[in-house]
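Trainee: I'd like to learn how to read a binding site and a metal site from a model. Can you walk me through one?

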Amino acid sequence: MGASMQGDSSIQATIAAVLDILTVMAKKKGKKVRVAFRRNRTQPARDKSWTRQFNEHGFENTDTVKRESLIPKGDMSRKRTIIEDQDTSHLNLREGRAIATRGLIVDVDDGERVWPCTVRRILRTRLIDERHPVAVGDVVQFMISAVTPNADQAGVIYSVYARTSQLTRQSGERIHVIAANVDQVLIVASADEPPLKPQLIDRYLVAAHAGNITPLICINKIDLADDENLASVAAMYRGIGYQVILASAATGEGIDALKAALAGKETVVAGQSGVGKSTLLNVVQPGLQLATAEVSQSSSKGKHTTTTAQLLRLAFGGYVVDTPGVRSYDLAVVPKNEFELHFVEFVEHVPRCRFPDCTHIHEGECAIKQAIEDGLIDPRRYESYRRLYEED
Ligand code: GDP
Ligand code: ZN
């Protein structure tokens, strides 16, 4: 998977990429096949969330043979290995959604109940690049253990469907998928304490674009600083097409707008520590608590397990992905030469750079630099780009 946004200027277009995936139920036994991703820019990003579909129809209407999904980032036809399995009809596989991961156990909701599942060994070894083969939000096929249907390991996840979107961070050498198949990333910043830093917002924007997730920005704590800088930062992001909500968890300002933005959507909440993410969500829905640290839960056997991520249901519709990992993630999963694709307002200028492989840092006759001079690109955004580019 790689970038797929060349030449598109709107946010919608930059997140639109489509692939066909092969069915998990294939004929030949254990044979690996290469499947080309197919792009389609004109396709809307996603017209329904899994949860909505799931609530309305369960899974019986979903097409398990061929499903169109979006790729997070990708070259035109990068390929991906999919393992074809033998005829699985005798396995009595069910479909569900991974709603929580805790260590090696994944809670799968099939619409009837939540099944704690382990993950089939081949899946664990297959995705060696990823820290966990199953992420919160993944749509999976699983089978229920006939022996211990109510135990802590009631099922086994058999396969994972291709993701329509994912938010990832680097975890050592491996990629950690924070959440899969979600609608949006709510990037929370604060007007002050900590001070407003567009560069941090830009990092999250790049991650959201790269993961094919619609970003929106919420600047909290406007009770502390409602000044020119705030207005100018908000105008900058609105000017390039992002929704910006100005809010204060303290005074309640902007909370209705935030609720409206979250309603019916699946949202990952991201942002620097201390900006007020937990406080905001608690105002949006009293009692809804983000796991600010790793939360210990007692399992039925009295053991302590750690919830690494989970989907929290909002009373007014939608879900928030609660994960302790989202706060300090790293963008290293996006190659440097793809950054320009994720700065939406850069994209239309890039083809006019003199050098086709222009990094927009030190080359002459650079269309990005020209656009800054012409007032078409905000220098603060370029500064973010430059800093990201020059990081190790
Ligand atoms: P998180 O780390 O992003 O989850 O941030 P928290 O929700 O823990 O909030 C960090 C601090 O900011 C806490 O002391 C909150 O009381 C405070 N805080 C949160 N929202 C606001 C706000 O709108 N205005 C002010 N003045 N303080 C806030
Ligand atoms: Zn350039």
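Trainee: Let's start with Asn220. Which strand is Asn220 found in?

Mentor: Asn220 belongs to strand β13, which covers residues 214–220. Keep in mind that this is a predicted model.

Trainee: Is Asn220 buried or exposed?

Mentor: The cut-off for buried is under 20% relative accessible area. Asn220 has a relative accessible area of 2%, so Asn220 is buried.

Trainee: What does the side chain of Asn220 reach?

Mentor: For polar contacts, look for N or O atoms paired within 3.5 Å. Here the Asn220 side chain gets to the backbone nitrogen of Ala249 at 3.0 Å. A polar atom of that Asn220 side chain also lies 3.0 Å from the backbone oxygen of Val275. And there's a ligand partner too: a nitrogen atom of ligand 1 sits 3.1 Å from a polar side-chain atom of Asn220.

Trainee: Which other side chains have polar atoms by ligand 1?

Mentor: Asp223 has a polar side-chain atom 2.8 Å from a nitrogen atom of ligand 1. Ser278 puts a side-chain N or O atom 2.6 Å from an oxygen atom of the ligand. As for cover, ligand 1 taken alone exposes 580 Å², and the protein buries 69% of that.

Trainee: How many residues surround ligand 1?

Mentor: There are 16 residues around ligand 1, and the closest are Ala249, Gly274, Lys277, Ser278 and Thr279. To get a feel for the shell, sort it by character: 4 residues are nonpolar, 8 polar and 4 charged. Then sort it by element: helix α7, residues 277–284, gives the most to this shell, with 3 residues.

Trainee: On to the metal. Which atoms coordinate the zinc ion, ligand 2?

Mentor: The donors are SG of Cys353, SG of Cys358, ND1 of His360 and SG of Cys366, at 2.1 to 2.4 Å from the zinc ion. Along the sequence, these donor residues follow the spacing C-x4-C-x1-H-x5-C.

Trainee: What geometry does the site of the zinc ion have?

Mentor: Start from the ideal: four tetrahedral donors make angles of 109.5 degrees. In this model the angles among the 4 donor atoms run from 101 to 115°, and the site is tetrahedral.

Trainee: Where do Cys353 and Cys366 lie?

Mentor: Both are in the loop between β19 (319–322) and α8 (367–373), so the pair ties together parts that are 13 residues apart in sequence. Cys353 and Cys366 are both buried, too.

How values were computed:
Residues are numbered from 1 along each chain as its sequence is written. Chains are lettered from A and ligands numbered from 1 in the order in which they are written. This is a predicted model: local features need pLDDT of at least 70, side-chain atom pairs count only at pLDDT 80 or more; totals for chains, interfaces and linings use all residues. Side-chain values use heavy atoms; hydrogens and water are left out. A residue is near a molecule or strand if one of its heavy atoms lies within 4 Å of it. A polar contact is a pair of N or O atoms within 3.5 Å; within protein, one must be able to donate a hydrogen and the other to accept it, and residues adjacent in sequence count only if both atoms are side-chain atoms. Accessible areas come from the Shrake-Rupley method with a 1.4 Å probe; for residues, only the protein chains shown count as cover. Helices (H or I, at least four residues) and strands (E, at least two) are DSSP runs, numbered from the N terminus. Ala, Val, Leu, Ile, Met, Phe, Trp, Tyr, Cys and Pro count as nonpolar, Asp, Glu, Lys and Arg as charged, and the others, Gly among them, as polar. Donors are N, O and S atoms within 2.8 Å of the metal (3.2 Å for Na, K and Ca); water is not among the atoms, so sites may look incomplete. Four donors count as tetrahedral if all angles lie between 85 and 135 degrees; four count as square planar and six as octahedral if opposite donors are over 155 degrees apart and all others between 65 and 115; anything else is irregular. Buried means under 20% relative accessible area, exposed over 50%, partly exposed in between (1.4 Å probe, protein chains only).
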